[in-house]
Amino acid sequence: MKKFLLGTVGLIALGMAPASAADLAARPYTKAPPMISPMYDWSGFYLGVNGGWGNQRNCFTSVAPFTLGAEGCHDTDGGVAGGQIGYRWQSAAWVFGLEAQGNWADLRGSNESLLFPGSTNRSEMNAFGLFTGQVGWAWNNTLLYVKGGAAVTDTRHDIITDATGAVFGQSGDSTQWGGVLGAGLEFGFAPNWSAGVEYDHIFMGDRNTNFADPATGALVASDRISGDVDLVTVRVNYRWGGPVIGRY
C-alpha cells in the first residue's frame, strides 16, 4: 500500500496523473452526407433518326375549265424514315425546343374516278419536312411534349387510262407547304440517349393542280386536291449537353 501511494505521488509530481473515465474525450459525431437524387437534364443539341408509318388522304374534285364534280378519294399508306436535329433548354420541369426533321416516304394509293369512268387518279408521296417548336413537361428522364410549326411535302399525282395503263395526265410542281401539330413521349434510357414515340398531323389544305399530257404538254385536267397526312414514328436521339445533375 505504501508503495502504491508513493507511485501515485510520483506520477502527480511528473504531471502524469492516471486518466479517469471522465477525462476521456467524447467521440466526435459526423453527420452522414445527404442523399443525392439524380435529375435528368434535357438541355442541349441533339441529333437523331426516326422511322414509322404514314397515311395521306387524297380527295380529287374536278374544277374549271373542265367538268365540275367530285372524283372520289383514296388513301396512300406506307413507311417513312429520316432524321431530326434540334436544341432544347430546360427551366425547372419545363422543356422548350426547336427542331428540323426530314424524311423519305413511300406512300402510294389510287382510286377510279367517279366522274370520268375509265380513268384512275393516283398519288405518291415521296418526302416531307417539318420545322417546329416544342413545349414539354419533364418528370426526371421522362418528357411529354407538344409541337407545332410548318410542314412541306413532295407528292406527285397522275391520271391513268384504265384501258392501257398509260399516264394520261401528269401533275407539275409537287411541292406543297402546310402546317403541322403533334405530340410525343420521350424517355432518357442513358445519360445522353433517349427514345420515344411521336404522332404528327400535317394540314395541307386544298390545292388546285393542273394535269398535262406527258407527250404533248397539253392541259388535260384540273383538280382541287386535299391531302392531310397522319404520321406515327419511333425516334432515337443522341444529345450533347449535361446528362445528369445532382439534386439534394
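Student: Over which ring does the charged end of Arg88 sit at 5.5 Å from the centre?

Tutor: It is the ring of Tyr145, with the charged end of Arg88 placed over that ring. A charge is counted as sitting over a ring when NZ of Lys or CZ of Arg is within 6 Å of the ring centre and within 35 degrees of the ring normal. This is a predicted model, in which local features need pLDDT of at least 70 and side-chain atom pairs count only at pLDDT 80 or more, while totals for chains, interfaces and linings use all residues. Residues are numbered from 1 along each chain as its sequence is written, and side-chain values use heavy atoms, with hydrogens and water left out.

Student: Over which ring does the charged end of Arg88 sit at 4.7 Å from the centre?

Tutor: That ring belongs to Tyr46, so you can locate Arg88 in the model and look for Tyr46 at this distance from its charged end.

Student: With which residue does Arg88 form a salt bridge?

Tutor: A salt bridge here is a side-chain nitrogen of Lys or Arg within 4 Å of a carboxyl oxygen of Asp or Glu, and the structure holds ten of them. Arg88 makes one with Glu186, where the closest N and O atoms are 2.9 Å apart. The two partners come from distant parts of the chain, 98 residues apart, with Arg88 in strand β3 (residues 69–91) and Glu186 in strand β8 (residues 175–190). Strands of at least two residues (E) and helices of at least four (H or I) are DSSP runs, numbered from the N terminus.

Student: Is Arg88 buried or exposed?

Tutor: Buried means under 20% relative accessible area, exposed means over 50%, and partly exposed lies in between (1.4 Å probe, protein chains only). Arg88 counts as buried because its relative accessibility is 2%, and Glu186 is buried because its relative accessibility is 2%.

Student: Which residue meets Glu198 in a salt bridge?

Tutor: The side chain of Glu198 meets that of Arg235, at 3.4 Å from N to O. This pair also links distant parts of the chain, with Glu198 in strand β9 and Arg235 in strand β12, 37 residues apart. Both Glu198 and Arg235 are buried, and salt bridges with shared partners join them with Glu99 and Lys147 into one network.

Student: What is the N to O distance in the salt bridge of Arg108 with Asp106?

Tutor: The closest N and O atoms of Arg108 and Asp106 are 2.8 Å apart, and Asp106 counts as partly exposed because its relative accessibility is 28%.

Student: How many helices and strands does the protein chain have?

Tutor: The protein chain has one helix and 13 strands, and the pattern along the sequence reads α-β-β-β-β-β-β-β-β-β-β-β-β-β. Of the 248 residues in the chain, 37% are buried.

Student: In which sense do β6 and β7 pair?

Tutor: Two strands pair if DSSP finds at least two bridges between them. Strand β6 and strand β7 (residues 167–171) pair in the antiparallel sense over three bridges, and Gly169 in β7 is the bridge partner of Ile159. Five residues lie between the strands in this hairpin, where Gly165 takes a positive phi near 80°.

Student: Over how many bridges do β7 and β10 pair?

Tutor: Strand β7 pairs with strand β10 (residues 206–212) over two bridges, in the antiparallel sense, and Ala212 in β10 is the bridge partner of Gln170.

Student: What separates the C-alpha atoms of Ile160 and Gly118?

Tutor: The C-alpha atoms of Ile160 and Gly118 are separated by 8.6 Å, with their positions 42 residues apart along the chain. Ile160 is found in strand β6, and it counts as buried because its relative accessibility is 12%.

Student: Where is Asp230 found?

Tutor: Asp230 is found in strand β12, and it is partly exposed because its relative accessible area is 23%. Its C-alpha atom is separated by 6.4 Å from that of Gln56, the two residues being 174 residues apart along the chain.
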